[in-house]
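Work through the exercises below with the sequence and the structure side by side. Try each task before you read its solution.

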Amino acid sequence: MLKLKKLVKTYATGDQALKSIELEVPEGQVLALIGPSGAGKSTLIRCINRLVEPTSGEVWLGDTELTKLNSSGLRRARREMGMIFQEYALVERLTVMENVLSGRLGYVGFWRSLTRRFPQSDVDEAFRLLDRVGLLAMADKRADELSGGQRQRVGICRALIQNPKLLLVDEPTASLDPKTSRQIMRLICELCAERGLAAIINIHDVALAQMFVQRVVGLRFGAVEFDGPPEALVPDV
Ligand code: ADP
Ligand code: ADP
């Protein structure tokens, strides 16, 4: 479903963040991307939806070559890729409900959620999602009243309301305590299973990855150095 071919990213600074990555993710598969800081995990995730422009190589989502799209094509394709961030990236002064609904607008339209009226079907779906993640009672609270774990649940709902094919998840638990981290990872993985959604989760906590996913890809110095089931990982990766 997702295919990376000879994907290279060299930053203007000369940093070779990705050196010819080959990767295939089948439909419905949840994959953890691990590796030390600076290995290229964030760059890899961001090259997929072109928040970072790859230097060369191809990214395919189904039959679409994302690396060939112009800006309007890219906008459309990004609707099929939900993104979840380490620092949640909520709009603090909007409510939980408004933040979730903003997922219907894609990346650029975010601020329009203040004025735009959403169809009832979107509002219903937002309530369903909030209920599923245990935040129904918080729908009218402002984002800045929430705890970190609650914010990430909102971030998850905002990504899912896009009805994406693929979730790109960048260090979802890096700002959370260990117990909340486990809850958030479990929630993301359960939701992917429920919806048959593929996901790439950038996570530097190997133990956490091992708890919840069947496939781990280890990056080091911009290259894949491990790809397999978590039980095949040697303890020191
Ligand atoms: P992590 O190691 O957790 O991925 P970093 O501290 O490497 O986080 O990066 C934090 C942010 O700074 C990211 O948005 C990344 O793109 C950016 N960044 C990282 N390294 C550089 C660099 N050498 N020059 C400019 N920006 C960088
Ligand atoms: P990770 O997510 O595994 O910590 P990153 O993708 O953030 O790794 O970084 C990979 C490499 O690319 C690092 O050497 C980092 O310094 C560099 N890098 C990341 N973002 C930038 C940027 N915006 N500008 C220049 N170099 C960057």
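**Exercise 1: contacts of ligand 2**

In this predicted model, an oxygen atom of ligand 2 is 2.8 Å from a polar backbone atom of Ser 42. Find further backbone contacts of ligand 2, and then describe the residues that surround the ligand.

Solution. Begin with the backbone: a polar backbone atom of Gly 40 is 3.0 Å from an oxygen atom of ligand 2, and a backbone N or O atom of Ala 39 lies 3.1 Å from an oxygen atom of this ligand. The protein covers 63% of the 560 Å² of accessible area that ligand 2 has on its own.

Next, widen the view to the residues around ligand 2, which include Tyr 11, Thr 13, Asp 15, Ala 17 and Pro 36, as well as Lys 41 and Thr 43. Helix H1 (residues 41-48) gives the largest share of this shell, three residues. Finally, sort the shell by class, which gives four nonpolar, six polar and two charged residues.

**Exercise 2: the surroundings of ligand 1**

Identify the residues around ligand 1 and state how much of its accessible area the protein covers.

Solution. The residues that surround ligand 1 are Asp 15, Ser 37 and Ser 42. Of these, Ser 37 has a polar side-chain atom that lies 2.7 Å from an oxygen atom of ligand 1. The protein covers 25% of the 550 Å² of accessible area that ligand 1 has on its own.

**Exercise 3: a pocket and a salt bridge**

Describe the second largest pocket by its space and its lining, and then locate the salt-bridge partner of Lys 165.

Solution. The second largest pocket holds about 160 Å³ of space. Its lining includes Met 1, Glu 27, Gly 62, Leu 160, Lys 165 and Arg 195, and by class the lining has four nonpolar, three polar and three charged residues.

Now turn to charge: side chains of opposite charge can pair when their charged atoms come close. Lys 165 and Glu 80 meet through their side chains in a salt bridge, at 3.2 Å from N to O. This pair links distant parts of the chain, 85 residues apart, with Glu 80 in the loop between helix H2 (71-78) and strand E6 (81-84), and Lys 165 in the loop between helix H5 (148-160) and strand E7 (166-170). A search of the whole structure finds 14 salt bridges.

Note on methods
Residues numbered from 1 in each chain as written. Chains lettered and ligands numbered in written order. Predicted model: local features only at pLDDT ≥ 70, side-chain atom pairs only at ≥ 80, totals over all residues. Heavy atoms only, no water. Near = heavy atom within 4 Å. Polar contact = N/O pair within 3.5 Å; in protein donor to acceptor, adjacent residues only side chain to side chain. Areas by Shrake-Rupley, 256 points an atom, 1.4 Å probe, with all protein chains shown as cover. Helix = DSSP H or I, 4+ residues; strand = E, 2+ residues; numbered from the N terminus. Nonpolar A, V, L, I, M, F, W, Y, C, P; charged D, E, K, R; others polar. 1 Å grid on protein atoms, 1.4 Å probe; cavity = no way out; pocket = protein on both sides within 12 Å on 5 of 7 lines; lining within 4 Å. Points joined across faces, edges and corners; volume = space filled by probe spheres on them. Salt bridge = Lys/Arg side-chain N within 4 Å of Asp/Glu carboxyl O.
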